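Q: Hi! Could you walk me through this one while I have it open?

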Amino acid sequence: MNENQLAENLMYYRKKKGWSQEKVSEYLEVSRQAVSKWEANASRPSSDNLIKLAQLFEVDVDTLLGNGDREKPSTQGEISIGKTPWVFIGISVLCILAYTIHSAFTDIFSIGIFICMFILCIPIQLFLHIYFSNAIKNNSFNGIAGFDDRIEYNICEVKKLLAQIDLHIGILSTVYIFLLCVINGINLKMQWFNGILIVVYILNFITSIEMSNYKMIDRIYRREDDQKRAKRSIPVTAIYTLTLCAGIGITGIVLEAKGIENNTLPAMKICGLLILGIMIATVGFLFAHSKIKKWNPANTNDNNK
């Protein structure tokens, strides 16, 4: 290996990412002068720092040392979702078709149940799978909720998280579509149970995403400050989620207990109160979230000294 190859590659990949020497030094927790010496071939990074540099630039260590193709991406970043989610999408579509055909012949077809299953399958299960697949394939994450260009992410771990969430959404949606299909297809007359299923689905959907994010915080974010901010936002999101689900659940119970029919004035009043409550909770959530984004853990540490 050419002695200057490592130094040249360090400078090449740093500039390719558009980062300064100071930014790289912050991630490695070394001085900027140390990075400058590595790029000037005045010294060499330790084995641990070499591994961190490879992860930072998303290349193999051998490639960084000059033993591989500099333009070849690291195999660590080659994450794909696979075909499994399509299997669950296919099962969901079959369940919807089975319910539609069966209920039409038995005269128990419900447009409300059909719409619920359709929404779970197409806008949620299918759309999110296509969206996540394209994000992973094209390294484009700006449309993902919570993604911020100003934050340094471990892109490989972000892709793993999206693949994990996509698979979970596929399984979750298929299970609930199947339950709606069976319960309403055999006409068990458990309309109240449909509302419970939807509320539980929403709760499971949101909490599973939050739990997946929480478990991977230390791997997704490169900087410790960003990790602390992300962990601080988890309780706020959890409270917001529980508030929404509680509001929807209470609304459903009131409508069912009092026998209030849809498209009536009492139903519209109750739903109006629900929407107002959701708006207030959302404003509070956004306000708390904005304060967390501005919160600086370093200043807190300094004040505690």
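Q: What share of the residues in the protein chain is buried?
A: Happy to help. This is a predicted model, and in it 36% of the 305 residues count as buried.

Q: And how many helices and strands are there?
A: The protein chain has 13 helices and 0 strands.

Q: What about the overall form, say the radius of gyration?
A: The radius of gyration is 25 Å, while a compact globule of 305 residues would be near 19 Å. The C-alpha trace spans about 80 × 50 × 20 Å along its principal axes.

Q: Which residues have the most contacts inside the largest nonpolar core?
A: Those are M117, F132, F141, L162, I177 and I220, in a core of 37 residues. Two or more residues each come from α6 (84–106), α7 (111–138), α8 (155–185), α9 (191–215), α10 (217–220) and α11 (224–257).

Q: Which of those gives the largest share?
A: That's α8, with 13 residues of this core.

Q: Where does another core lie?
A: Apart from the one we just discussed, there is a core of 18 residues, including Y13, V24, A54 and V59.

Q: Back to I220, what is it in contact with?
A: Setting aside neighbours within four places in sequence, I220 is in contact with E152, Y153, N154, E157, V158 and L161.

Q: Switching to charge, how many positive and negative side chains are there?
A: There are 31 positive and 27 negative side chains, and the centres of the two sets lie 4 Å apart.

Q: Last one: how much accessible surface is there?
A: About 17900 Å², with 61% of that belonging to carbon and sulfur atoms.

Note on methods
Residues numbered from 1 in each chain as written. Predicted model: local features only at pLDDT ≥ 70, side-chain atom pairs only at ≥ 80, totals over all residues. Heavy atoms only, no water. Helix = DSSP H or I, 4+ residues; strand = E, 2+ residues; numbered from the N terminus. Rg over C-alpha atoms; globule rule 2.2 N^0.38 Å. Buried < 20%, exposed > 50% of the residue type's maximum accessible area, 1.4 Å probe, protein only. Areas by Shrake-Rupley, 256 points an atom, 1.4 Å probe, with all protein chains shown as cover. Lys, Arg positive; Asp, Glu negative; His and termini not counted. Charge placed at Lys NZ, Arg CZ, Asp CG, Glu CD. Core = buried A, V, L, I, M, F, W, Y, C linked by side-chain atoms within 4.5 Å. Contact = heavy atoms within 4.5 Å.
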